[in-house]
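Hello,

Here is the structure I promised to pass on to you. Have a look at it, and then read on for what turned up in it.

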Amino acid sequence: MTTENPSDRDSATPIILDGWPVAEIPSGDGVYSNGSRDGANGWPGGGGAGAGAGSGGPGWGGASRLLDGLNPQQREAVEYRGPALLIVAGAGSGKTSVLTRRVASLIESREAWPSQILAITFTNKAAAEMRERVGALLGQGADGMWISTFHSACVRILRKEAENFGFTQSFTIYDSADSRVLLKRIIKELEADTFGFTPANASARISKLKNELADVESFARMVNTSDPQEAMFLAIFRAYTRALTVANAFDFDDLIGQTVYLFRAFPHVAAKYQRRFRHVLVDEYQDTNHAQYSLIRELTRAVPTDMVNELEAAGDHVRNLRDDEGKIPGASLTVVGDSDQSIYAFRGADIRNITEFERDFPGAKVVLLEQNYRSTQNILSAANAVIANNFDRKDKKLWSAGGDGDKIIGFTGYSGHDEAQFVADEIEKLHAAGMAYSEIAVFYRTNAQTRALEEIFIRSALPYRIMGGTKFYERAEIKDAMAYLAAVANPLDTLAMRRILNTPKRGIGPATETQLASFAEANDISFREALRDAASLGLGPKVTRAITGLSELLDEASALVAEGKVSDVITLLITKSGLVETLRSSRDPQDEARAENVEELIAVTKDFERNNPDGNLVDFLTEVSLVAAADDLDDSSGTVSLMTLHTAKGLEYDAVFLTGVEEDLLPHRMSAGEPGGPSEERRLFYVGITRARKKLHISLAMTRAQYGETSVAMPSRYLQEIPAELIEWRQSPGMANSRGGTQSRALNAQKSRWGDDSAPGLQGSFNGKALTEKKDWPNRVTNQVRDNGDLELQSGDRIRHTDFGEGRVQQVTGIGAKRIAHVAFDSAGAKKLLIKIAPIEKI
DNA sequence: TCTCATGCGGTTTTT
DNA sequence: CCGCATGAGA
C-alpha cells in the first residue's frame, strides 16, 4: 500500500525493537514518559473531567493552534486524557480532524514519542490521509508513528515474529481469491461438493469462524461430527488450515487472528508491543470484528511486573513507564466511531464493540460529536428521519448551522438506462453551472449496476472513473505475474507454484501436476523440490525439460533477489518465462492489453522502488496484497466517481447521486434473511445520504435488467421514510408510471405503503404493463455498442439519434476516437456525444 | 495437451 | 448476461 512512508518502513524491516526511539530515551528524562503529566501512572479514575483542558493548562506553545476552530465537544475529544475515550462521531462531524489533532497534541505536549503511538484505520486510504494530516501538523515530528490498517499493522508484527511459531518471515498473504482457489481444490479432492460446499460458501464460513477467533481445534471440539455435513466441513477446514501452514501462508483473516494468537501464546512477545504503544487510537470502531477487538484488548493490556523485570533485564528502558506497583499500565485507548454507520456486520463486524464500550472499559469517557460541518440541513433532516427507523439505537441527531440548502431531487426512470441518462444529464447541468466533475459522485448498491451507468456516460462523453471495480491486481495476467514473484519469495507457496506451472502453456497438464504433487507428498518434500527432481519422475523428455526449465528460472530469479531490485526480478521472470511473449503473439485481441498490463507491473515495481528504497521483494508483495478498492482514490483526476455505497464510506462530495433505490437492491434481496439485515441496509442508505455536501439526488428505475432479463422493480421502503417536503420529484414513481400509459394497477401493488401522507405523486405503483410498453418509452436507450468509424461531423450538420431524435451539431471538440459532438436536439435539448460510438447518423 | 463448443449456475457489500 | 466447467475432437 502506498501508506507506508519510507522512514516508517525502515524501522520495521530490520529489527523493530532496536530501532525504536523509545529505547533511546535518556534515563531520567521523565518528560516523555507518561509519568510527568497528570493522570498517567494512575489514571484519574473514572471519566474525570480533570485531566484535559482544565487542570494545569498546556504549557507548550502550539496547543491553541491545534484547538483552533473546534467546537467544545471536539476540543474535549482532543484534550481529554485517560485510559479510555470513546468519540461518538456522527457523519461529517469532523472526526478525522479531531483524531489527527489529538495525535498531534500528544506529541507536541511531549506526552508521547511518535513511536509510542499506534493509530489504526480501516482502509489504506484513511491511513494515508491521516498520516498526511498529522504530518501537516507536526512535520518531521510525526516520523516513526504507526499509522496503518489493522491488516498492515498485523503483517508488520507477524513478519517480525513469524519464527516464533512455525512460519518464516517471508510468508505469503493469500487474498480471498487465493483462498477460494485453494478451497476449490480441497473441495474437489474431498468430493465435498456433493454436500453442497462451494469455494464461496466454505470460504465465508471459515472467515466467519476466524473472525470469532476459532481455529480448527476449537471448532473440532464443538462440532457435531455425527452430522456428515458438519464432519465434511471440518475436513475442509482441516485441509485448508494445513495447506496454509505447509505453504507458509496466511489468509486475510489470519493476519488478525494469528497476531492475537501470537500475543496470547507468547506473553513476552506481547509485552514488547504493549510496552511500546502507549496510545492506541482506532478509527471506524463500529466496524471492528471480534478478532480485531481482541487485538486491541491485547495491545492495551498492562504488562505485569515480572514481565517488566524481564524486559529490563534484557536491556529495555522501562523504568519511566512503570507505575507504583512496578508494572507498565495498559496503553491509553481512543476509539472513534458511529454505530449508525456500521455496514460490515456481514463480514463479522460486531456493533456491540462500540455500543458496549463503556462496559468493556469501565471509567471510559464518552464524547459526542453531533454538529455536522458537511451537509445542508435538508440532507441531514432526511438522514436523521431515515436512521430514526432503526430501533435499539441511541438517539442522535445531526444538525448543521449552514442553512437548509436545496431540496433533494428525486427521479424515477423507466429503466436502469433511463435512470442513468438522468444522472448523466444532471451531472452535465451541474458541471455547466461550475461544479467540478471531481466533486460529483454516483453511488450504487451492487457493482452490476455500473454497466448501465457506464454505457450512458461513455456515450455522453462524461469523464468518469469507477472506484474499486475490477482492480488491476485482480486481473488474471497480473495474478500470474505476481504468482511468479510469490513463488520466488516463498518457495513453500505451493498455490503460487501450481498457478505458474503451466502459465504460459508449456505442456505441463493436470496429469503431470498431480504426479508432481503426489511425488512431493510421498517423499515429504515441497512442491518446489519436486520440480527440481522432475528428472527422476520418469516423465516424457519434453515435459521434463519444461519443468526443469521453470525450476531453473526460479533459481535464477531468487539469486537475483539477493542483489536487490524487484523490477529486475519481475522483468526476468515475465520475459524468460515467456509470459509477455505468449500474450503478445496471441491472436486473441484482448491479449495485447493483457501484455501491456503485465508490463505495467514493471512500472509499478519501479514506483515501489522509488518510494521504498530499502523495500525488498517481500515488502512489495505485502504492499500489493493489502491494497484495497478504496485505496486508489485519486481525487485529482477531474472525473466523476462511481462506487458502491460501501466504498463511499468516509468520503464526501458536493453532489451525490444515490441510484437504484429499489426493493431487492436497497435493501438488497440477500439481506432479507440475515437477522440485522434491513437495519444494516438502512445504515447503508444513511451513509450514502450523508456523503453529500450540497446536492443530493435519489433515483430509481421501474424496471431493472439483471442477468440479461428485465424485471419489474419496486421503490425502496426507505424512500417513504424521507419526509415528503424534503424531496422534489422530477419524476416520481407515480408519474413515471402514468406516463407509460394505462393505469391499471397490479393487484399485488403495495398501495398502503404509498399512502397520501408520504410523497405526493407516489400513489400509483408500478404495473406489470411497463414491460410490454417498453418500446414506447421516450427516453429509451438501446444498449448495443456501435462504432461509427470515422464519421465526420461539423457544426451545422443535422443528425438523428436513436434515443433523442433529430438535432443540429453545434460544435465538435476533441480529437481522434475522443471526438465529441455538442448537439442541440429538437426535443431532447443539448447533449454531448462521443461521435465514435453514439447511436447517431448524419441526415 | 490444447482448443473450441455447449450448457449450466450465480449473483451484496470487502480488509 | 457472463464466466466457468465440462466434454469432444485435433
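In this predicted model, the side chain of R347 in chain A places an N or O atom 3.2 Å from a sugar or linking oxygen of DNA strand B. Two further contacts go to phosphate oxygens: one lies 3.3 Å from an N or O atom in the side chain of N502, while another lies 3.1 Å from a backbone N or O atom of G507. As for elements, α23 (510-523) and α30 (645-648) are the ones that give two or more residues to the surface near DNA strand B.

Which residues come nearest to DNA strand B? Of the 27 around the strand, they are F346, R347, R445, R587 and Y707. On the DNA side, sugar and phosphate make up 58% of the strand B atoms that come within 4 Å of the protein. The surface near the strand is made of 10 nonpolar, 12 polar and five charged residues.

Stepping back to the whole chain, you will find five domains in the list: domain 1 (67-171 + 251-369), domain 2 (172-247), domain 3 (377-471 + 631-739), domain 4 (474-607) and domain 5 (797-842). Between the C-alpha centres of domain 1 and domain 4 the distance is 40 Å.

A word on confidence: chain A has an average pLDDT of 80, and 84% of its residues score at least 70. Residues 1-61 have a pLDDT below 50, and this stretch has 111 contacts in the model beyond near neighbours in sequence. Residues 739-785 are also below 50, with 91 such contacts. Where pLDDT is low, please do not read the predicted coordinates in detail.

Best wishes

Note on methods: Residues numbered from 1 in each chain as written. Chains lettered and ligands numbered in written order. Heavy atoms only, no water. Domains from an automatic or database assignment. Near = heavy atom within 4 Å. Polar contact = N/O pair within 3.5 Å; in protein donor to acceptor, adjacent residues only side chain to side chain. Helix = DSSP H or I, 4+ residues; strand = E, 2+ residues; numbered from the N terminus. Nonpolar A, V, L, I, M, F, W, Y, C, P; charged D, E, K, R; others polar. pLDDT = per-residue confidence, 0-100. Contact = heavy atoms within 4.5 Å.
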